Amino acid sequence: MSSRDETLAHKRVLITGANGGLGAATTVGALKEGARVTLACRTSAKAELARDRAVAEAGVPGDRAVAAGGFDMLDPTAIERAVATLPPDPFDVVFLQAGGWVWADAAQTVELNGVTVERTVAKNVIGAHATLRALLASGRVAPGARVVIIGGEGARGVPGGIARPTFADLADFERYLAGEWTGRSKYVPVDALGVSKFCAALWSQHLARRGEDFEVVWFTPGLIGGTGGTAGMPAWQEFLFQRLAFPMLVLFGKAQWPAAAAAKCLDCLAGRVGSDGDMLGSPEGKALGPLTDQKPMHPRFSEVAFQDALWRACEAAAGALPVPGAPTAVSA
């Protein structure tokens with residue numbers, strides 16, 4: 001881990017899911033640090049509302065923030081169109097944090113480019129892949145930029161909370177990515193979310209191996225309460241989570257509010273912590289705590305075969321990233 005005296009001042013920052021709890025709090029913090037922020041949201045209405053709230057809370061001029069709709073993490077084509085409408089100036093920082101869990105009684109899949117993908121992986125990883133692909137293809141990632149994909153302690157499991165992602169072998173993992181649930185235990189939304197964070201780790205490690213001219217860091221600030229991640233729950237369950245469970249977890253130091261989590265994310269986005277290829281999160285067995293190297297916490301994180309299998313799934317569903325060093329075309 002690095003500990004540099006870096007700042008986001010004067011940097012161009014793109015934040016996906018900028019209207020949600022962590023995204024909104026990180027946007028405000030980045031604006032306060034002097035960044036110019038593009039709020040990439042699923043709809044223009046959400047982006048514009050989030051921008052207005054962020055500039056008001058940060059107390060900065062409105063032209064420091066750009067509202068951008070069309071970033072539907074389950075629609076790579078829509079993401080490509082949305083990126084094409086952005087100003088051509090390249091981003092110094094890209095924060096891929098849109099997504100969330102899929103609240104359902106059974107496993108869900110989605111068809112992307114004719115490929116069937118488990119829906120939580122699609123929402124949290126393939127959408128991020130599609131976003132970075134479109135940015136790179138149009139020359140909107142600056143040399144030496146920092147790309148941060150949001151992680152989660154569920155990637156290596158949290159005792160009593162999220163099951164450890166476990167696969168018998170590579171073929172078993174590939175079947176999971178395709179949404180094949182025969183022979184698996186009952187679908188649990190939070191466990192599926194943990195697997196998607198496991199996949200985000202594999203994605204970041206493969207990307208770090210490619211020799212790109214930008215940094216990539218997988219980063220989790222720890223368990224966050226009060227976010228929009230409970231969307232889709234039955235109303236009574238969402239009430240219990242938001243009004244009772246999360247406040248109690250925060251009270252006992254097991255979770256944090258979005259503002260506290262955003263402060264940690266800002267350190268990572270600015271480069272004050274984390275170096276290329278790092279995976280940083282809470283200590284083993286905990287959902288909150290000092291930043292710790294996650295790589296030793298799950299043997300599959302370092303298995304190239306698993307990294308490559310996840311990467312193939314991303315490319316099949318959302319397209320290949322440009323070859324490192326190849327020229328790009330900027331579309332205005």
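**Exercises on a predicted model**

In this predicted model, the largest share of the lining of the second largest pocket comes from helix α6 (residues 189-209), which supplies three residues.

**Exercise 1.** Describe the second largest pocket by its volume, its lining and the residues closest to its centre.

*Solution.* Begin with the volume: the second largest pocket holds about 260 Å³ of space. Turn next to the lining, which is made up of 15 residues, and among these Tyr176, Trp181, Ser185, Asp191 and Val195 are the closest to the centre of the pocket. Finally, sort the lining by class, which gives nine nonpolar, two polar and four charged residues.

**Exercise 2.** Determine whether glutamine 205 is buried or exposed, and list its contacts beyond its neighbours within four places in sequence.

*Solution.* First locate the residue: glutamine 205 belongs to helix α6. Its relative accessibility is 10%, and because buried means under 20%, glutamine 205 counts as buried. Then, with neighbours within four places in sequence set aside, the residues in contact with glutamine 205 are Gly277, Asp278, Met279, Lys295, Phe301 and Gln307.

**Exercise 3.** Work out how the buried residues of helix α3 are arranged around its axis, and name elements that cover them.

*Solution.* Start by identifying the residues concerned: in helix α3 (residues 76-84), Pro76, Ala78, Ile79, Ala82 and Val83 are buried. Viewed down the axis of α3, these buried residues fall within an arc of 155°, and therefore they line one face of the helix. As a last step, look at what covers the buried residues of α3, which includes β5 (109-112), α4 (119-137) and α9 (304-318).

Technical notes: Residues numbered from 1 in each chain as written. Predicted model: local features only at pLDDT ≥ 70, side-chain atom pairs only at ≥ 80, totals over all residues. Heavy atoms only, no water. 1 Å grid on protein atoms, 1.4 Å probe; cavity = no way out; pocket = protein on both sides within 12 Å on 5 of 7 lines; lining within 4 Å. Points joined across faces, edges and corners; volume = space filled by probe spheres on them. Helix = DSSP H or I, 4+ residues; strand = E, 2+ residues; numbered from the N terminus. Nonpolar A, V, L, I, M, F, W, Y, C, P; charged D, E, K, R; others polar. Buried < 20%, exposed > 50% of the residue type's maximum accessible area, 1.4 Å probe, protein only. Arc of directions from axis to C-beta. Contact = heavy atoms within 4.5 Å.
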